[in-house]
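Student: I have a structure in front of me and would like to go through its sheets and a few of its residues. Can we take it step by step?

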Amino acid sequence: MKATKMTGLTIILIVVSFLMTTVISVRSLRTVINDNAEDMTTILSARIYDTINSELSEPIMVARTMSNDSFLKQQLRLEDSVSEEEMLSRMEEYLYTIKNELGYNTAFVVSENSRKYYTYEGLNKIVLPELDEHDIWYSIFLDGGKKYDFDVDTDEVNSDSWTIFVNSRIEDEDGTLLGVCGVGVVMSNIQEIFREFEQQYNVKVNLINQDGLVQVDTNSVNIENSVLENVLVNAGNSAEYVYTKEGNGYVVTKYLEDFGWYLVIRNMGENNDRIYSDIVIQNILAMEIIMLILLVCVRVLLDREKKKLEESAVTDRLTGLANRNYFKISIEEKEEAAIKGYQSMVVFDIDNFKTINDTMGHLEGDEILKQVAELAKEAVEDKGQIIRWGGDEFLILFKGGLEESSKICEQLRRNIESETRVSVSMGICKMEGNIKNSFMKADKLLYQAKKQGKNQLIEE
């Protein structure tokens, strides 16, 4: 009851604190919206940047991992020493695994030795930049001297769909160029992300190269076709967000060093209040979800702790059996209702247990108690309830009659005698009258067994 009240009070305090914090935060954010549009715009830009970075950082890591793969390097070194069929088979299997396991639109390797363009479907072509303008990317990339870069192009392997390729140099240990490898991210995936931001915040989002040429746009017509020159006047190569006022709106640019591109976010000043309000609402919803999860966790933890406390109160730590307190709470206090399911009662203890403790020590005594308890569990199973009464004394309430219960107890006595270094004396009687009288009767039978030489079962 106390735990429930404390839980309720804790929940109320958390909810009240959250509501107060939310009100204060909303008021503060409204002030920021009104007084500092640049800061709020930067927050929006940071959200867009984080999403882009998350989408495009992974293919960089995959391409770089491929270029450092010792297996791939070895295959390129052996290209001239294996048959063309064998080489194609190895490369096709390797690239098919990269594409399918990691979920990319394409995966490729170009051998510097043969200029063969390998894909997950086999040999695509021979790369000839001097003859095919579609292959110029290869020369441009190698001449640039970069370890990796991004290139937007149509993918000849996939119906000329717009694709963002991540190219990575493959070099031997001595720096010898072995080729170029990489993966392709289908443009439509990035376009969909941009489209969601544009619709939600009434902005235009682009990725452009250092010449201002559009690399990513929700309108495919603009890709590698439109140029945004003016936006780079104040941008430089700063990794910071550069905010420029433009009429009633703004332009935010940020140089993405890992990609060699610029993120450009443009707003013409329409519905700015809605933009920032949406951010506030989303933050509040996120906090409410977090609070709900927190409250559920608190409730579960409290219930778990309560259950542990209740179990520890009625469970003997040494043997794992029910203890005397369990007997008092679950059986003695309920009397008639509790004993309806039981027909026989057994009280037994370990013969000469005090001598064992005195001569061998309490640790050895504890081990014997655990052994006896385990044997009792195996013998009784679901036919009754075993209770460690105290010290070396145990109590068993049997659901079956006296004859059946006696057979189980006799077998238990023999098992203890044969599998441990001790023996036990037992007294068993029918459950008649109240619990106390039955216990006294079984206890007297136990002492009778002791007087008659121990290591035996006495029935009433």
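Tutor: Here are some questions and answers on two sheets and their surroundings. The model is predicted: local features need pLDDT of at least 70, side-chain atom pairs count only at pLDDT 80 or more, and totals for chains, interfaces and linings use all residues. Residues are numbered from 1 along each chain as its sequence is written, and side-chain values use heavy atoms, with hydrogens and water left out.

Student: In the open sheet of five strands, what is the strand order?

Tutor: Strands here are DSSP runs of E with at least two residues, helices are runs of H or I with at least four, and both are numbered from the N terminus. Two strands pair if DSSP finds at least two bridges between them. The pairing in this sheet is antiparallel, and the order is 8-7-11-10-9.

Student: Which strands of that sheet stand at the edges?

Tutor: An edge strand here has a single partner strand, so one side of it is left without a neighbour in the sheet. The two in question are strand 8 (214–216) and strand 9 (242–246).

Student: Which residue stands opposite N206?

Tutor: Strand 7 (residues 204–208) pairs with strand 11 (residues 261–267) in the antiparallel sense, over five bridges. The residue of strand 11 opposite N206 is V264.

Student: What angle does helix 6 make with strand 7?

Tutor: Helix 6 (residues 187–201) packs on the sheet and touches strand 7, strand 8 and strand 11, where contact means heavy atoms within 4.5 Å. Axes are lines fitted to C-alpha atoms, for helices over the stretch in contact, and angles run from 0 to 180 degrees between N-to-C directions. The angle between helix 6 and strand 7 is about 145 degrees.

Student: Which side chain does the side chain of Q191 meet in a polar contact?

Tutor: Q191 lies in helix 6. A polar contact is a pair of N or O atoms within 3.5 Å; within protein, one must be able to donate a hydrogen and the other to accept it, and residues adjacent in sequence count only if both atoms are side-chain atoms. At 3.0 Å, the partner is the side chain of S220.

Student: Is I223 buried or exposed?

Tutor: I223 lies in the loop between strand 8 and strand 9, and among the residues it touches are W162, Q191 and V214. Buried means under 20% relative accessible area, exposed over 50%, and partly exposed in between (1.4 Å probe, protein chains only). Because its relative accessibility is 3%, I223 counts as buried.

Student: How many residues of strand 15 are buried?

Tutor: E393, L395 and L397 point one way from strand 15, while F394, I396 and F398 point the other way. In a regular strand the side chains alternate between the two faces of the sheet. Strand 15 (residues 393–398) is largely enclosed by the rest of the structure, because the number of its residues that are buried is six of the six.

Student: Which residue of strand 15 stands opposite M345?

Tutor: Strand 15 belongs to an open sheet of six strands with mixed pairing, in the order 12-14-15-13-16-17. Strand 13 (residues 344–350) pairs with strand 15 in the antiparallel sense over six bridges. Q385 stands opposite L397, and the residue opposite M345 is also L397.

Student: In the hairpin of strand 14 and strand 15, which residue takes a positive phi?

Tutor: Strand 14 (residues 384–390) and strand 15 run antiparallel, joined by six bridges. The hairpin has two residues between the strands, and the one with phi near 60 degrees is G391.

Definitions and conventions: Lists of a residue's contacts leave out its neighbours within four places in sequence.
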